[in-house]
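Let's take a walk through this model together, one stop at a time. Keep the sequence and the 3D view open as you read.

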Amino acid sequence: MLERLTPRVYLLPTTKGSEKPSLGYICGDRFSLMIDAGNTPRYAQAFLTEIESAGLRKPNFVALTHSHWDHCFGLSGLFMPSIACVETRQSLEMVSRLQWTPNAIEENIRKGIVPSMIVPAIRENFPDPTKIRVVLPNIVFQSQMTLDLENCTCVLQHVVSPHARDTVIIFVKEERMIFLGDAVYQEPVGDTWVERPEKLRKLMETLEPMDFALCQPSHQKALSKGDLIGWFHRRLES
C-alpha cells in the first residue's frame with residue numbers, strides 16, 4: 001500500500017528481506033514522476049495498480065537511480081518515457097548484451113560481470129532468466145537535470161556514491177526531500193559488501209549543504225537529514 005511521505009510524495013515501501021526496492025511517486029500539478037522501475041515487470045505493474053487505487057494519475061516519466069537489476073528490470077513493463085544519467089544508459093547497454101542461460105550466468109559470475117550474491121534473487125524472480133528483457137532509458141543527461149512538474153521541481157543529480165558509479169539522487173525542492181536510491185549503501189562485489197570510505201565522504205559532502213528534511217533510501221524507512229549524516233559519521237569512524 002502506498003505511503004504518503006509529504007503532500008506531493010508517495011512511496012510503495014519495500015518489505016524486509018525483499019530484493020524489491022521501494023518505488024517513489026512525485027505529483028506535480030501537471031506532470032508526475034515515478035522513481036525507479038523495480039525488479040520485474042510484475043512489480044512495476046503492481047506499483048501502477050497502487051497508484052490507480054489511490055486515485056492518482058499515472059506517472060508521465062520514470063527516473064532510474066542506477067543500473068542495478070532490481071531498479072531496472074521492471075522497465076520492460078512500463079510504457080512512459082524513462083530518464084537516466086549517461087553512465088546508467090551505458091551500463092544497461094552492456095547488460096542488454098548479456099545472455100541469461102545457466103552457463104552464461106556462471107560465466108558472467110566468473111568474469112566478475114554479475115555479482116554472485118544477486119543470482120539467487122534473479123532466479124527467484126525470473127524462473128526462466130532467458131526471458132529477462134533489458135530496456136534502455138529514452139532520455140539521458142550528463143550530470144544534472146531539472147524536471148518542472150508544475151509547482152514541484154525535481155532535480156536529478158549524478159553523485160559520487162560508495163554503491164555504484166552511476167548513482168543518481170532526486171531532490172524534490174518544494175517538499176524538502178530526497179530520493180537516495182541505493183546511494184548510501186556499500187558496493188556489492190562478488191558475494192560481499194565492500195565499504196568505500198572516500199566515496200561515502202564525498203557523498204556526505206554533497207548532501208550536507210542541501211536543504212532537505214527527509215530522505216528515502218531504497219531498502220529501508222525514510223530518515224531525517226540529521227539521522228542520515230549521523231549514520232555516515234559512524235560508518236566513517238568505524
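The paragraphs below visit a loop residue, a hairpin, a helix and one more loop.

Before we set off, please keep in mind that this is a predicted model. Our opening stop is Thr40, which you will find in the loop that runs between strand 4 (32–35) and helix 1 (41–53). Is Thr40 buried or exposed? Its relative accessible area is 2%, and since buried means under 20%, Thr40 counts as buried. Which residues does Thr40 touch, once neighbours within four places in sequence are left aside? The contacts are with Phe73, Gly74, Asn125 and Phe126. The side chain of Thr40 also has a polar atom 3.0 Å from the backbone nitrogen of Tyr43.

Now move along the chain to strand 8, residues 144–148. In a regular strand, side chains alternate between the two faces of the sheet. Strand 8 shows such an alternation: Met145 and Leu147 point to one face and are buried, while Gln144, Thr146 and Asp148 point to the other face and are not buried. What does strand 8 pair with? Its partner is strand 9 (residues 153–158), in the antiparallel sense and over 5 bridges. To see one of the pairings up close, look at Met145, whose bridge partner in strand 9 is Leu156. Together, strand 8 and strand 9 make a hairpin, with 4 residues between them. In that turn sits Glu150, with a positive phi of about 80°.

Next comes helix 4, which covers residues 102–110. Here Ala104, Ile105 and Asn108 are buried. These three lie on the same side of helix 4, because they cover an arc of only 100° around the axis. Turn to the other side of helix 4 and you meet Pro102, Asn103 and Arg110, which are exposed. What covers the buried residues of helix 4? The cover includes helix 5. After helix 4 comes Gly112, and its phi is positive, near 80°.

Helix 5 also leads us to the last stop. Where is Arg133? Arg133 lies in the loop between helix 5 (119–125) and strand 7 (139–141). Its side chain reaches the backbone oxygen of Ser76 at 3.4 Å. Arg133 and Pro41 are 92 residues apart along the chain, and their C-alpha atoms are separated by 9.5 Å. Pro41 brings us back to where we began, since helix 1 (41–53) follows the loop that holds Thr40.

Definitions and conventions: Residues are numbered from 1 along each chain as its sequence is written. This is a predicted model: local features need pLDDT of at least 70, side-chain atom pairs count only at pLDDT 80 or more; totals for chains, interfaces and linings use all residues. Side-chain values use heavy atoms; hydrogens and water are left out. Helices (H or I, at least four residues) and strands (E, at least two) are DSSP runs, numbered from the N terminus. Buried means under 20% relative accessible area, exposed over 50%, partly exposed in between (1.4 Å probe, protein chains only). A polar contact is a pair of N or O atoms within 3.5 Å; within protein, one must be able to donate a hydrogen and the other to accept it, and residues adjacent in sequence count only if both atoms are side-chain atoms. Contact means heavy atoms within 4.5 Å. Two strands pair if DSSP finds at least two bridges between them. The arc is that of the directions from the helix axis to the C-beta atoms.
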